[in-house]
Amino acid sequence: MTSPLCLRGGRILDPARGIDRAQDLWIDQGKIAGLGEDAPAALRSRKDVQILDVRGAVVCPGLIDIHVHLREPGQEEKETIETGVRAAVRGGFAAVACMPNTSPPLDDRPRIEYVRRRAADIGLARVFPIAAVTVGQQGEQLVEIEDLVEAGAVAITDDGKPVRNAEIMRRALELTRELGIPVIQHAEDPDLKGTGVMHEGWVSTRIGLKGIPDIAESVIVARDALLAERTGGRVHVAHVSAARSVQIIRQAKARGIHMTGETAPHYLLLTDEAVAGYSTSAKMNPPLRSERDRDALIEAVVDGTLDCLATDHAPHTDIEKDADFESAPFGIVGLETALGCYLKALVEPGHLTLMELIERMTVGPYRVLGRPGGTLEAGAEADVTVFDPESRSTVRASEFESKGRSTPFDGWDLPGRVLLTVVGGRIAYQAATSEATLQ
Amino acid sequence: MIGGKKDLLGLEDLSAQEITGILDTARTFREVLDRPIPKVPPLRGMTAANLFFENSTRTRLSFELAEKRLSADTVNFQTSGSSVSKGETLRDTARNIEAMGIHLVVVRHQASGAPHYLARHLDAGVINAGDGTHEHPTQGLLDIYTMREQRGRIAGLKVAIIGDVMHSRVARSNIWGLTKLGAEVTIAGPPTMMPAEVERFGVRVAKSVDEAIEGSDVVNILRIQLERQRGTLYSSLREYARVYGVTRERLRRARPDVTVMHPGPMNRGVEIAQDVADGEHSVILQQVTNGVAVRMAVLYLLAGRNEAPEAPTETPTVEATKSHDEPTLSPRR
């Protein structure tokens, strides 16, 4: 076991309990031992405590990103569990939930167990596997849901594709209702999407690319709201991109339907104008949409219609992304820029307080998964993120830990330098030049 | 160089002045084409590569002819693009072109933005010969050249563009060029083939073909390719012809001396009636001839940035006309 840890003098932000004050955070045996005087006296008097001075920095529960593509097994040229979790902890994420659209997909117990075992062996970020809804993600036959949940799956989704068949969606919701896990929907009507590659609007018209209309997303969100209402199951809408979808989720919540939603940094900082130069680093699915959609998403994050902030970290090789726009695959990376992007999109303009932002990146996503976590309460798993919200730096994709380098934020100046990521009481990441700060 | 750029990727990128400059240059070359020996030396020693990733006969022939009339060496590459991954082909193509020391690249590709990719990766000048559903700038230029030739002006001209605007690169290039030069553009076609927010091009969207044609100076008819649609945008060619086909009767609503154009190849009896295609208003074959002159102008202007490897042995033989920015037709040094 590692020695106890004391993060000295940081600004403790624990949204689960509404705490915002400068205090020492004590960690022992992989758990949070307490704040300041509340930590056991016996621990505070021990000589083998590793003390890190984090004055001036924010100390918050370890961030969790519930929408990450780790690509292993099967697509290790894009990302591996190891490179993915290295990217995660560098970005301040103590935990990630990984999507099942690997090759083969995570649709049976051995594959779920494989991901967990690999993650445990690497020992950096926590990895929560999400299982497929249907065998092979083929949309036809349900997976063995309870066996997969027992093996450690925290949710089910066919992400990468939608659960197209309403009957299967209905039954998946009925079968998960008592398990307390959400069915995560990649909301997209494949017929309305067609062969579209970007948002359908003025930019797609101008540059002659086939559009994906906002309703391709929203009709499925509307359908699933009805299915959630009828079954009592929980639908979590992945990567919400459209104003119309937001409106439906807001109405569903008001009617007591168990529907939650997430968005990703690029939808808050960019619009379809970013595609204008055929830049493949602006190609993802769902696509960057209009200014109106962007404004609606920000509003939805602020009022809680969208419960949490994810990344949809979707790495591809440089070779794949270095192509004409239509040929390049959908997807960009996000783990190593998300915190800075969210600070820039939400906190700097005053849409959210720092506390509110952290809520949506910690306890918020844990709540979506129906799991405990995302707090600095004594006895909780010692997952902690320390960052300096004032320090700014330039994004350099070439320095990413992720194998994926495609990001529209390369070269951007972003706030919020991650100094330390602690996972289960162990230092999983420490900024290279932070030795002076962290003594 | 055109507009300070080494490439011609679209008319969206050009100013009215730059477009007019190309048209004026094209007029000189149009005269060359009427000579007994229609050949001039300005591109001697330069090599143009025609890369056609998508099938095309007339555009490729037109470019090749333009290059040869300018005394360039030409190489052709044509592929259906089906067997090889598109991205891979483009990247490798770019590398090969670099290695072969080609000066000008003419590219036709099924993916919108493919010429932009090549332009970014190459020192050679890139000419977009049609990319996906984006632009076909030389077609737009030759259409506008023909309109100017026929009507004497572009500003204030009433131009109706009829058909599948959404999938038409010809429509986009026409619209950009015409609106920049002050024409009044009206479009009409099936609502399913009108792209989102199309009015932001600065065009009027008519509710019917009749409404669009009403009082027009020029009717430019787009080729319909229903076989490319998935059967959801329109039911049948028969229905299309009935509702959107330009017939002699519909044409009566236009000005009596209306100019009828079509970029080809035509579906006679579908988007254009037989007697309209071959009628007295049709300038479809003039468009083809003008196409060579316009492409010569574009090649000539873009070649200006490149050094020809050796000095020409003969002097330019074109007598200058009145235009102030007349090309000398000698290789620029």
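When I say contact today, I mean heavy atoms within 4.5 Å. Please keep in mind, too, that this is a predicted model.

With that in hand, let's start where the two chains meet. On one side, chain A brings 18 residues into contact, and on the other side chain B brings 27. How much area is buried between chain A and chain B? About 1,800 Å², with carbon and sulfur atoms giving 50% of that. If you want three residues to look at on the chain A side, take Trp202(A), Thr205(A) and Tyr278(A): they supply 35% of the area that chain A buries against chain B, more than any other three residues.

Now for the charges and the polar groups. Between chain A and chain B the count is one salt bridge. Which residues form it? Glu12(B) pairs with Arg206(A), and their closest N and O atoms are 3.3 Å apart. There are also eight residue pairs in polar contact across this interface, both partners being at pLDDT 80 or more. As for which element does the most on the chain A side, that is helix α7, residues 202–207, which gives four residues to the side touching chain B. And the make-up of that side of chain A is easy to remember: six nonpolar, six polar and six charged residues.

Let's stay with chain A and look inside it. Chain A is divided into two domains: domain 1 is made of 5–59 plus 380–438, and domain 2 is 62–369. Taken over C-alpha atoms, the centres of these domains of chain A are separated by 26 Å. Their contact takes 41 residues from domain 1 of chain A and 49 from domain 2 of chain A.

What area is buried between domain 1 and domain 2 of chain A? It is about 3,500 Å², and carbon and sulfur atoms give 67% of it. On the domain 1 side, the residues that lose the most area to domain 2 of chain A are Glu401(A), Lys403(A) and Ser406(A), together 18% of what that side buries.

Salt bridges again: between domain 1 and domain 2 of chain A the count is three. Please find one salt bridge of chain A on the screen, the one between Asp383(A) and Arg126(A), where the closest N and O atoms are 2.6 Å apart. For polar contacts between the two domains of chain A, the count is 14 residue pairs, both at pLDDT 80 or more.

So which elements give two or more residues to the domain 1 side? In chain A they are β1 (5–14), β2 (19–28), β16 (384–394), β17 (413–423) and β18 (426–430). Of these, β17(A) gives the most, with eight residues. The whole of that domain 1 side divides into 20 nonpolar, nine polar and 12 charged residues.

Over to chain B for a moment. Chain B has 11 helices and nine strands. Of its 333 residues, 59% count as buried. If we take the contacts in chain B with a separation of 6 or more, residues 24 or more positions apart account for 76% of them.

I'd like to finish with a few spots in the backbone, two of them prolines. The peptide bond from Ser103(A) to Pro104(A) is cis, with omega near 5°, and Pro104(A) sits in the loop between β7 (93–98) and α3 (109–122) of chain A. Another cis peptide bond joins Asn285(A) and Pro286(A), with omega about 0°. You will find Pro286(A) in the loop between α10 (265–269) and α11 (291–303) of chain A.

Then there is Asp312(A), which is not a glycine but has a positive phi of about 55°. Asp312(A) lies in the loop between β15 (308–309) and α12 (318–321) of chain A. Is Asp312(A) buried or exposed? Its relative accessibility is 9%, so Asp312(A) counts as buried.

In chain B, Ser71(B) also has a positive phi, about 70°, although it is not a glycine. Ser71(B) is placed in the loop between α2 (58–69) and β2 (73–78) of chain B. The cut-off for buried is under 20% relative accessible area, and Ser71(B), at 14% relative accessibility, therefore counts as buried.

That's my tour, thanks for listening!

Key
Residues are numbered from 1 along each chain as its sequence is written. Chains are lettered from A and ligands numbered from 1 in the order in which they are written. This is a predicted model: local features need pLDDT of at least 70, side-chain atom pairs count only at pLDDT 80 or more; totals for chains, interfaces and linings use all residues. Side-chain values use heavy atoms; hydrogens and water are left out. Buried area is the accessible area (1.4 Å probe) that two parts lose on being put together, summed over both. A salt bridge is a side-chain nitrogen of Lys or Arg within 4 Å of a carboxyl oxygen of Asp or Glu. A polar contact is a pair of N or O atoms within 3.5 Å; within protein, one must be able to donate a hydrogen and the other to accept it, and residues adjacent in sequence count only if both atoms are side-chain atoms. Ala, Val, Leu, Ile, Met, Phe, Trp, Tyr, Cys and Pro count as nonpolar, Asp, Glu, Lys and Arg as charged, and the others, Gly among them, as polar. Domain bounds come from an automatic or database domain assignment. Buried means under 20% relative accessible area, exposed over 50%, partly exposed in between (1.4 Å probe, protein chains only).
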